[in-house]
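Me: I have a two-chain model to go through and would like short, reasoned answers about it. Please keep to what can be computed from the atoms.

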Amino acid sequence: MVSGITFRKTLMTASAHMIELRDVTHAYRTKAGPLPVLDRLSIQIPENSFCAVVGPSGCGKSTLTRLVSGLMRPNEGEVWLHGQRVTSPRPTVGMAFQNPVLLEWRTILQNVLLPMEIVKSPMSKAEATERAHHLLDLVGLTGFAEKRPSELSGGMRQRASLCRSIIHKPDVLILDEPFGALDAFTREDLWCTMHDLRAEEPFTCLLITHDLRESVFLADQVVVMSGRPAHAQHVMQVDLPGKRSLDDLYSPKAVEMLATLRHQIQVAQGRTVDDTAEAKA
Amino acid sequence: MNDTLRKILAPLLFIIGILAFWEWIVWYKQLPDFRMASPSDLIPRYIRFWDLFLIKSWETLWRTVAGLGLAVIFGTLIGMIMGFSRFAREGLYPILVGFNAIPKATVVPIVALMFVGQHDFNTVLIAFMISFFPIAVSVSIGLSTLEPEYRDILRSLGASNFTIFWKIALPKTLPEFFGALKVAVTLAFIGTNLMEIVSPHGRGLGDLFDSGRISADYPLMFAVLFALAALGIVLFYVVVFLERIFAGWAERSPG
């Protein structure tokens, strides 16, 4: 026990990571008793790097986003952001969900500027508006600033939602399956947009996804979560240097990584390698 | 024929047609005006009682609006409590349903006796009682069905509950609120008139209607009906107008 405490203290002062989860354990209370979701989950994400988390359905990926954003506190373990322990929501975090949740009574520009009404920012109103227009240009929504969300397609709404999530220059961006509900072409388009955004301004990103190709194309590090209650079953560094293009996904290296991830997911789902072999036979 | 012209002409034609048919049937059956009024009988009544019509209409109008205003305030308040607290929702909902199940026509004589002579008070009270249910229910449903993501986008930035209510929950509930208000305004109007007709020596158009009934003045009664219709239309379209201003975004543009 004593050694455990000193261990934590050392990390407290020397956390070099932007996002760090230490032995996070969490259970939901249900009628049938506690439902354990996370079991000693530890993840480290260095500053300005991109981490994708994949795992079987219902393994607690969304719980993870709520813990990192401070919307929830874990039963046990610690969540650290930027060298500070997370106990409540922080304005330096940006979030985007599978549902773009744009406010229908506002124009796209007003939607993008929404966080500026909550967060105290050194940006003036004019600067923020200029930044909003710049971000909209960057994601390909030039000329849509004054439109209503109902006039936009699903992919365009998600683009606007991305702009909103980074308008206040958060140092951490949390994406909970933001491309999940889009068609394949729009999705690939938005992946490239993500790379453009990151090239423009660095931020640390935590992406929850079901799409293995998406995780390999976007991330520097892919974490495979085990089945519930989940821990980090496998961590893979994505070593694709230089500017990535969609073609890279078909390189032997990427194919090999995808195969590893697929295998890890099957293990997480409880289907062993032998089982798949049996099924084939 | 262009669109605007048709929009004006078509209803006008139908109105004239119906009035003409009505006039004809009274003339054809040779009905005396103590048995059935014809449209041509109404005009002399309006001329003769014009002052009364203006005064009584105003009385009916302001009491309906006052009752509705109270219903909006209390209905929204109760709706908010029920929308945010599951405990309050589960506790209050059966009571509200039970209260709403009582036909208000039976409550009217009770209230009329309870506050006998206090015409303004009991009329406003009935208008309020009859119209606040749909508002409370719609606001509570609007708030309790708010998707958690909507809350989370602001909460993750550290926004307070009040900010979330003001910036998201309230505007998002407005379409439901106005839908309920359209029902409520009609109900409040019914409530006002019920009380005006039932309470002796009452006020408002209901009282004028009752006077017509007592003196078997059919043309006057019909004249009051038309005045009520006009007032009801005005009230309804005021709500529609407010809806366009405050919740116009919810209307899908055609195509």
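What follows is a set of questions and answers on this predicted model.

Me: Which secondary structure elements does chain B have, and how many helices are there?
Reply: Read along the sequence, chain B follows the pattern α-α-α-α-α-α-α-α-α-α. The number of strands in chain B is zero, and the number of helices is 10.

Me: What percentage of the residues in chain B is buried?
Reply: The C-alpha trace of chain B spans about 75 × 60 × 30 Å along its principal axes. Chain B has 255 residues, and the buried share of them is 38%.

Me: Among contacts in chain B between residues at least 6 apart in sequence, what percentage joins residues at least 24 apart?
Reply: Two residues are in contact if their C-beta atoms lie within 7 Å. Taking the contacts in chain B between residues at least 6 apart in sequence, the share that joins residues at least 24 apart is 74%.

Me: Is helix 1 of chain B largely in the open or largely buried?
Reply: Helix 1 of chain B covers residues 3-28, and its 26 residues should span 38 Å at 1.5 Å a residue. Its end C-alpha atoms are 37 Å apart, which agrees. Just after this helix, B:Gln30 takes a positive phi of about 55 degrees. The number of buried residues in helix 1 of chain B is zero, so this helix lies largely in the open.

Me: How are helix 3 and helix 4 of chain B oriented to each other?
Reply: B:Ile78, B:Ile81 and B:Met82 in helix 3 of chain B meet B:Ala88, B:Arg89, B:Leu92 and B:Tyr93 in helix 4 of chain B. By class, this contact has six nonpolar, no polar and one charged residues. The axes of the two helices are 6 Å apart, at an angle of about 130 degrees. Angles from 115 to 145 degrees fall in the oblique class, and the two helices are therefore oblique.

Me: Which helix of chain B gives the most residues to the side that touches chain A?
Reply: The contact takes 17 residues from chain B and 18 residues from chain A. On the chain B side they divide into nine nonpolar, three polar and five charged. Helix 7 (148-155) and helix 8 of chain B each supply at least two residues. With six residues, the one that gives the most is helix 7.

Me: Which helix makes up the largest share of the largest nonpolar core?
Reply: The largest nonpolar core has 117 residues, and those with the most contacts inside it are A:Cys51, A:Val53, A:Cys163 and A:Leu207. The largest share of this core, 15 residues, comes from chain B, namely helix 8 (residues 161-198).

Me: Leaving aside neighbours within four places in sequence, which residues is A:Cys163 in contact with?
Reply: A:Cys163 is among the residues with the most contacts inside the largest nonpolar core. Leaving aside neighbours within four places in sequence, its contacts are A:Val112, A:Ala132, A:Leu135, A:Leu136 and A:Val139.

Me: Is A:Lys169 buried, exposed or partly exposed?
Reply: A:Lys169 lies in the loop between helix 6 (154-166) and strand 7 (172-176) of chain A. This residue has a positive phi of about 50 degrees although it is not a glycine. With 16 C-beta neighbours inside 10 Å, A:Lys169 counts as partly exposed.

Me: What is the phi of A:Glu177, about how many degrees?
Reply: A:Glu177 lies in the loop between strand 7 and helix 7 (184-200) of chain A. With 19 other C-beta atoms within 10 Å, A:Glu177 is partly exposed. A:Glu177 is not a glycine, yet its phi is positive, at about 45 degrees.

Note on methods:
Residues numbered from 1 in each chain as written. Chains lettered and ligands numbered in written order. Predicted model: local features only at pLDDT ≥ 70, side-chain atom pairs only at ≥ 80, totals over all residues. Core = buried A, V, L, I, M, F, W, Y, C linked by C-beta atoms within 7 Å. Buried ≥ 20, exposed ≤ 12 C-beta atoms within 10 Å, placed from the backbone. Helix = DSSP H or I, 4+ residues; strand = E, 2+ residues; numbered from the N terminus. Nonpolar A, V, L, I, M, F, W, Y, C, P; charged D, E, K, R; others polar. Expected span 1.5 Å × (residues − 1). Axes fitted to C-alpha atoms, helices over the stretch in contact; angles between N-to-C directions. Parallel < 35°, antiparallel > 145°, perpendicular 65-115°, else oblique.
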